[in-house]
Amino acid sequence: MVRKVTRTAIGLIAAAFAFTVTGATFAPAFAADPGVSDNEIILGGDHPFSGPASAYGNIGKGIGAYFDYVNDHGGVNGRKIKWIDLDDGYSPPLAVQDVHQLVEQDHVFAVFDSLGTEVNTAIRPYLNQNGVPQVFVATGASKFGRDYKQFPWTIGWQPDYQAEAIIYGEDIAREHPHAKIGILYQNDDYGADLITGLKRGLGKHTNQIVKMASYETSDPDVNAQVASLKAAGCDTYMIFATPKFAIQGMISAAKQGWHPLTYLNNVSNVVTYMRLVQKVAGPSAVNGIITTIYLKDPGNDARYANDPGIKFYKEIMAKYLPSGDPTDGNYLYGVAIAYTMVDCLKRAGRDLTRAKLMDAVTHLDETNNPLVYPGTVVRTTPTFRFPITQLITARWLGTDWSPMGVLTDTRSSSMSDAK
Amino acid sequence: MRGNALVALAVIVIAIVPFVLPSFLVFDMIFVAEFAIAGLGLVVLTGMNGQISLGHGAFLALGGYVLAVVAHFWGVPYALGVPLAAVLSGVVGLLIGLVALRLEGAYLALATFALAVAMPTLLKHFKSITGGFNGLTLDPVGAPAWFPSTAQNWLYYVTWFSVGVVFLLSALLVRGRFGRALRALRDNPIAAVSFGINPYVYKTLAFGWSAALAGVAGAFFAMSNAYLSPDSFQATLSIQLLVGAVIGGIMSFWGAIFGALIVQFLPLVAQKINNGAPSVVYGVVLILVMLFLPDGIAGGLHRAFARLRNASPPLALESEPVSSSVPIATHQPTRE
């Protein structure tokens, strides 16, 4: 009994000791904003290197390659960028834990290009409460451009999904007014955003949506969904799906002998995937598919072989990421968005703070991003937070996307969201 | 008494964690507590009673959404939300336990796995209650005024205190007749029935208790995330929980805690070892543990300490058996 009491006492003393010694750690005192020192800026990222959306992991690697290039060329205002990129497997709870680690352990200056709609919804309150910039999230969900009053530290980058789908809807209403429309979509916020946009673009043709078939990211394939669209007699096929499921959706349609007019959302229009489908299911599976484009295409040599931007990109890939296939548009997305990020960091100046970064991010007028579609301007104001609003429709002809018409600016349709 | 000392040591370690670990690791340790509560449910259900569940993620989801929904729509405080989550999950668990009576071994595992797979879709379907794929955002847990530290540390202590409560309740529950009946039904159902043990009552109760614990874990999971969406409860979560409990040692209460550490930290460690293929590292570790520690970490430690104690006089605290404080741990796994 005496021993037990002694033990307990020793334990309590140890606990009290620990309290007094380390109690100070409860109140971390930062003189300047975290993540910035004389010679370094720490940026944190969060990408799915595993799980159902792991194809997007290459975006994070592309970003890393561009930062390496920048660091080898003097860095940003005399500072090198340190890039800490974690794997969340596309899971919101894991992303929340990752972001706690980035902010509290790694003391990042900002979280950059975290990927996925639910992931970014999950981490947005924490980052905004702590005043950590959540810049250029890799999702086109319109809420990240729209909710800036409630979440001032958050902003997107790519065209918003609603604006994209408005273009498809308008195209159908104009070119195919008698279409019977079938939709394959991911059962989440991102899929819902696209459907909302499509309906707005269709206008009075909305009732021509004959059948909507959803899938979950945990589904092994989408064969049943595609079969149900075919059985409903649809002649126009909207693929609102992330890469794995979009690829399955194209192949499955061809295998079932279904050849509708097909629209493919731009998160899955990477040329490597299209060529893969072509190889597996034949040219008829992909020919004539319509999509939208807002970036240059690293796989289209006919159009871009001598383009200085693509040459620059391929040099970076060859030197800093030789194991990656440069025709995978995910790498290009990464380099392109990192270019805008570095642009903002430069403009935020040598006396870098988080507030100054947000100021630069919301006063963008970037006309020289080498990898966005020619003519695109990456532009924001404090009350308009959709950096890229210009898109061009394109059709798959033989081996590549062929742009049709001119760049469409969806600025006004994004604006009308900004109620 | 030695076992009590070990429990006291564990309590002290848990108590000083917020003072020695950085805050993000304290945050991670909150999740460890949640997985420990869920893992304890699996120890009771699978380790003691031999019913395999690959669907406990679904009960976690249920508990989490019960807490979130009553807080969101009626402003019910979290302190009431947790027991409510436990009761509702427990009731659903009892109902599923009734169905489970007809299924054995792998068939039960598959049926419960179906539950885990269906859960995210169900949550999306009942949009008006669950918020659909937008999920539900919760107010972060705040610390009471008298608490001298951060809100996160408050949540940490509350969660680990709850671990203590459910471990104590479970220990009381499985001590004596109830626990013996569960083990007898696992080891030799025919003999057990012939001794007058009603398998329907005990197996259903085990399922209900286990589900209630998972519901408590889910309620804390919702609080610590401050956000719930259907994708927070992917089917893989259920597998990770069972794998964690097995690696930790499914025959022992301590195994639930080791298992929770595995569930939380093994994926992070695997990612550090090889960023390209974390699941491969995860699988290799799983195979190695099963090869060299077939009764999990808790069982392995138990044997190691037993050997140490035989080799030297039992003076140091470390040489005491890990699990003698917990009634279930005195049971030696047998294959009859």
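Helix axes here are lines fitted to C-alpha atoms over the stretch in contact, and the angle between two of them runs from 0 to 180 degrees between N-to-C directions. Keep in mind that this is a predicted model.

**Exercise 1.** Work out how helix 2 and helix 7 of chain B are arranged where they pack.

*Solution.*
- Start by finding the pair: helix 2 of chain B covers residues 23–48, and helix 7 of chain B covers residues 151–174.
- Next, take the geometry. The axes sit 9 Å apart, at an angle of about 15 degrees.
- Angles under 35 degrees count as roughly parallel, so helix 2 of chain B is roughly parallel to helix 7 of chain B.
- Now the handedness: the crossing of these two chain B helices is left-handed.

**Exercise 2.** Which residues bring helix 2 and helix 7 of chain B together?

*Solution.*
- Look along helix 2 of chain B, where the contact residues include B:Phe27, B:Ile30, B:Ile37 and B:Leu40.
- Across from them, helix 7 of chain B offers, among them, B:Leu155, B:Tyr156, B:Trp160 and B:Phe167.
- Sort the contact by class and you get 17 nonpolar, six polar and one charged residues.

**Exercise 3.** Describe how the two domains of chain A meet.

*Solution.*
- First, split the chain: domain 1 of chain A takes 1–159 + 304–388, while domain 2 takes 161–293.
- Their centres, taken over C-alpha atoms, are 32 Å apart.
- Then look at the contact, where 17 residues of domain 1 of chain A meet 16 residues of domain 2 of chain A.
- On the domain 1 side, helix 4 (117–129) and helix 13 (329–348) of chain A each supply at least two residues.
- Finally, that side of domain 1 of chain A divides into seven nonpolar, seven polar and three charged residues.

Key:
Residues are numbered from 1 along each chain as its sequence is written. Chains are lettered from A and ligands numbered from 1 in the order in which they are written. This is a predicted model: local features need pLDDT of at least 70, side-chain atom pairs count only at pLDDT 80 or more; totals for chains, interfaces and linings use all residues. Helices (H or I, at least four residues) and strands (E, at least two) are DSSP runs, numbered from the N terminus. Angles under 35 degrees count as roughly parallel, over 145 as roughly antiparallel, 65 to 115 as roughly perpendicular and the rest as oblique. A crossing is left-handed if the near helix is turned anticlockwise from the far one by less than a right angle, and right-handed if clockwise. Two residues are in contact if their C-beta atoms, placed from the backbone, lie within 7 Å. Ala, Val, Leu, Ile, Met, Phe, Trp, Tyr, Cys and Pro count as nonpolar, Asp, Glu, Lys and Arg as charged, and the others, Gly among them, as polar. Domain bounds come from an automatic or database domain assignment.
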